[in-house]
Amino acid sequence: MFKNGFVVTGSIGSGKSTFVNLLKNAGFSVIDADLISHEMLENSQNEVIKKFGSHILQNGKISRKKLGAIVFNDKAKLKELEKILHPKISAKIAMQSEILEQQKKPFFVDIPLFFEGLGEKNFDKIIVVYAPENLLIERVMKRNDLDYETAQSRVQLQIDIEIKKQMADFVIDNSGDLENLKQQTQEFLKNIKENL
């Protein structure tokens with residue numbers, strides 16, 4: 001169990017990346033599960049092609065867009081991909097966390113799919129960056145240039161944000177603007193410094 005590690009999670013469109021950038025700007029170390037997952041996808045290219053076919057390739061590499069079109073429309077296929085990647089991603093997160101744990105300072109692990117099964121056993125302090133579902137859909141539509149149905153199905157592929165909120169130790173409400181998020185981040189950091 002990593003005593004100094006805080007998991008940062010949320011839902012697609014909740015503004016988790018913005019919160020994580022504020023933590024980095026405040027001088028904290030952050031492990032990025034998305035970066036690790038891209039690396040593991042590359043490392044597992046043969047295994048993934050075997051499972052999903054060579055039509056997911058573009059210029060000799062897996063096209064995340066083509067693979068996404070398959071797995072984001074089929075929960076069973078998403079599970080198959082997670083079965084290949086999640087153990088490798090979890091192992092790498094644990095390895096990097098070991099190194100940061102030695103420094104005896106708080107560090108953060110950005111794991112978008114934490115409640116969906118990534119890294120769960122190693123952390124007991126969980127931060128959920130929250131926004132209500134209608135706002136998540138609106139943001140995903142704008143950010144990814146998607147229609148309402150597609151954005152909604154991406155949001156609903158993940159565990160409901162209201163359930164995640166109930167399972168959190170800390171909730172950062174990002175329903176407002178950037179200033180509001182900055183203020184909440186400062187309050188949160190002050191709170192954890194006082195309790196160290």
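Start by selecting residues 30-32, strand β2, together with β5: the two run parallel and three bridges join them. Strands here are DSSP runs of E with at least two residues, helices are runs of H or I with at least four, and both are numbered from the N terminus; two strands pair if DSSP finds at least two bridges between them. Before going on, note that this is a predicted model, where local features need pLDDT of at least 70, side-chain atom pairs count only at pLDDT 80 or more, and totals for chains, interfaces and linings use all residues. Residues are numbered from 1 along each chain as its sequence is written, and side-chain values use heavy atoms, with hydrogens and water left out.

**Stop one: around β5**

Click on V30 and look across to β5, where its bridge partner is F108. Now add strand β1, residues 5-9, which runs parallel to β5 and is joined to it by four bridges. Here V8 has D110 of β5 as its bridge partner.

Show the side chains of β5, residues 107-110. F107 and V109 point one way, F108 and D110 point the other way, and all of them are buried (under 20% relative accessible area with a 1.4 Å probe, protein chains only; exposed is over 50% and partly exposed lies in between).

**Stop two: the aromatic rings**

Next, colour the aromatic residues: the structure holds nine aromatic pairs. Rings of Phe, Tyr and Trp (its six-membered ring) pair if their centres lie within 6.5 Å, and planes under 30 degrees apart count as stacked, over 60 as edge-to-face and the rest as tilted.

Select F19 and F188, an edge-to-face pair with 6.2 Å centre to centre and 65 degrees between the planes. This pair links distant parts of the chain, since F19 belongs to helix α1 (residues 16-25) and F188 to helix α9 (residues 178-194), 169 residues apart. Both F19 and F188 are buried.

Keep F188 and add F170: these rings are also edge-to-face, 5.2 Å centre to centre and with 75 degrees between the planes. F170 lies in strand β7 (residues 170-173), 18 residues from F188 in helix α9. Is F170 buried or partly exposed? F170 is partly exposed because its relative accessible area is 22%, whereas F188, at 5% relative accessibility, counts as buried.

Widen the selection to F6, F19, F28, F108, F170 and F188, which form one aromatic cluster. Then find K125, whose charged end sits over the ring of F6, 5.1 Å from its centre. The charged end of K165 sits over another ring, that of Y130, 4.2 Å from its centre. For this, NZ of Lys or CZ of Arg must be within 6 Å of the ring centre and within 35 degrees of the ring normal.

**Stop three: helix α6**

Select I137 in helix α6. I137 counts as buried because its relative accessibility is 2%. Draw a distance from I137 to A26: 29 Å, C-alpha to C-alpha, for residues 111 apart in sequence.

**Last stop: the lining of the largest pocket**

Which helix gives the most to this lining? Select α5, with eight residues. Helices α1, α2 (33-43), α4 (64-71), α5 (75-101), α6 (133-144) and α7 (148-157) each supply at least two.
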